[in-house]
Amino acid sequence: MYFIANWKMFGGLNSLNSLHKVIKFFKTFKKNRFAKIIYCPPSTLIRPMTKKLKLTSIEVGAQNCHEQESYGAFTGSINPSMLKSVGAKYVIIGHSENRAAGETNKIINLKIKTALKSNLSIIFCIGETLNEKRKKITKKILTKQIQLGLSKIRDKKKIIIAYEPVWSIGTGLIPKSNELSEIINFIKKKNRNSKILYGGSVNSKNISELKSINNIDGFLIGGASQDPKKFIDIIKKTYN
Ligand code: PGA
């Protein structure tokens with residue numbers, strides 16, 4: 001199971017102190033289980049976090065990247081090889097917060113291709129809005145996001161897909177178990193080699209319900225991942 005922490009635009013150098021608890025917990029916990037933790041902090045923390053996690057099996061990823069492979073005049077942007085050079089092994093691409101800010105499926109596709117060239121693994125986010133859910137076009141939207149986002153990408157081994165319904169992110173709402181299981185299966189059928197995660201308001205209370213959906217390969221966790229106690233609780237309960 002994957003546990004990916006998406007810190008979004010939260011955290012300074014002092015936030016790295018919270019990692020100690022997680023490092024200590026994970027050292028003994030992971031012995032008999034396949035569990036993978038990946039932290040995706042703001043870019044400013046990638047380097048110091050990588051150093052802090054050096055002797056552990058916890059990995060680090062970025063939250064977005066630019067689609068151009070080489071350096072360029074793009075104020076405020078960072079390309080995948082720059083992320084790689086400071087220790088990132090993964091990058092989140094297509095998060096709904098960036099889609100809402102104008103990131104199109106086409107740009108997402110370019111970003112994924114460039115990041116793969118730089119040898120990063122991808123956490124590719126897809127999900128429908130509340131309006132799309134109400135219109136009952138969730139599957140149509142997901143199909144389009146997958147088709148366009150992964151267009152002309154043959155080797156999908158390094159792509160993890162995170163299904164994150166937009167209406168569940170940061171709202172405390174999660175999909176009904178049977179509906180979520182059906183959607184995960186639907187995505188799996190289209191992407192047989194990819195791990196499929198769920199994201200959106202995952203917390204230490206609803207994890208018991210979520211973990212019983214047995215086709216989910218892990219979770220992308222926002223808010224709850226910033227608190228080491230909550231994050232550890234989620235991991236523990238997933239295996240209980
Ligand atoms: P949340 O965020 O867990 O705070 O809902 C998840 C995400 O946006 O990846």
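Begin with the whole protein chain in view: for its 240 residues, a compact globule would have a radius of gyration near 18 Å, and the chain has 17 Å, which agrees. This radius is taken over C-alpha atoms, and the globule rule is 2.2 Å times the number of residues to the power 0.38. The model is predicted, so that local features need pLDDT of at least 70 and side-chain atom pairs count only at pLDDT 80 or more, while totals for chains, interfaces and linings use all residues. Residues are numbered from 1 along each chain as its sequence is written, and side-chain values use heavy atoms, with hydrogens and water left out.

Display the C-alpha trace next. Along the principal axes, these atoms fill a box of roughly 50 × 45 × 30 Å. In cartoon mode, the chain shows 10 helices and 8 strands, which are DSSP runs (H or I of at least four residues for helices, E of at least two for strands) numbered from the N terminus.

Switch to the surface. The accessible surface comes to about 12,200 Å², of which 53% belongs to carbon and sulfur atoms; the areas come from the Shrake-Rupley method with a 1.4 Å probe. Of the 240 residues, 51% count as buried, meaning under 20% relative accessible area, whereas exposed means over 50% and partly exposed lies in between.

Now select Phe 3 and Phe 219. Phe 3 lies in strand 1 (residues 2-6) and Phe 219 in strand 8 (residues 218-221), 216 residues apart. Their rings form a tilted aromatic pair, 6.4 Å centre to centre with 40° between the planes. Rings of Phe, Tyr and Trp (its six-membered ring) pair if their centres lie within 6.5 Å; planes under 30 degrees apart count as stacked, over 60 as edge-to-face and the rest as tilted. Phe 3 is buried, at a relative accessible area of 0%, and Phe 219 is buried with a value of 0%. Extend the selection to Phe 25, Phe 29 and Tyr 239, which ring pairs link with Phe 3 and Phe 219 into a cluster. The whole structure holds 8 aromatic pairs.

The last stop is Asn 98, in helix 4 (residues 96-100). Asn 98 is partly exposed, with a relative accessible area of 25%. Which residues does Asn 98 touch, not counting those up to four places away in sequence? They are Gln 63, Asn 64 and Glu 103, where contact means heavy atoms within 4.5 Å. Finally, add Gly 170: Asn 98 and Gly 170 are 72 residues apart in sequence and 15 Å apart in space, C-alpha to C-alpha.

Notes. Buried < 20%, exposed > 50% of the residue type's maximum accessible area, 1.4 Å probe, protein only.
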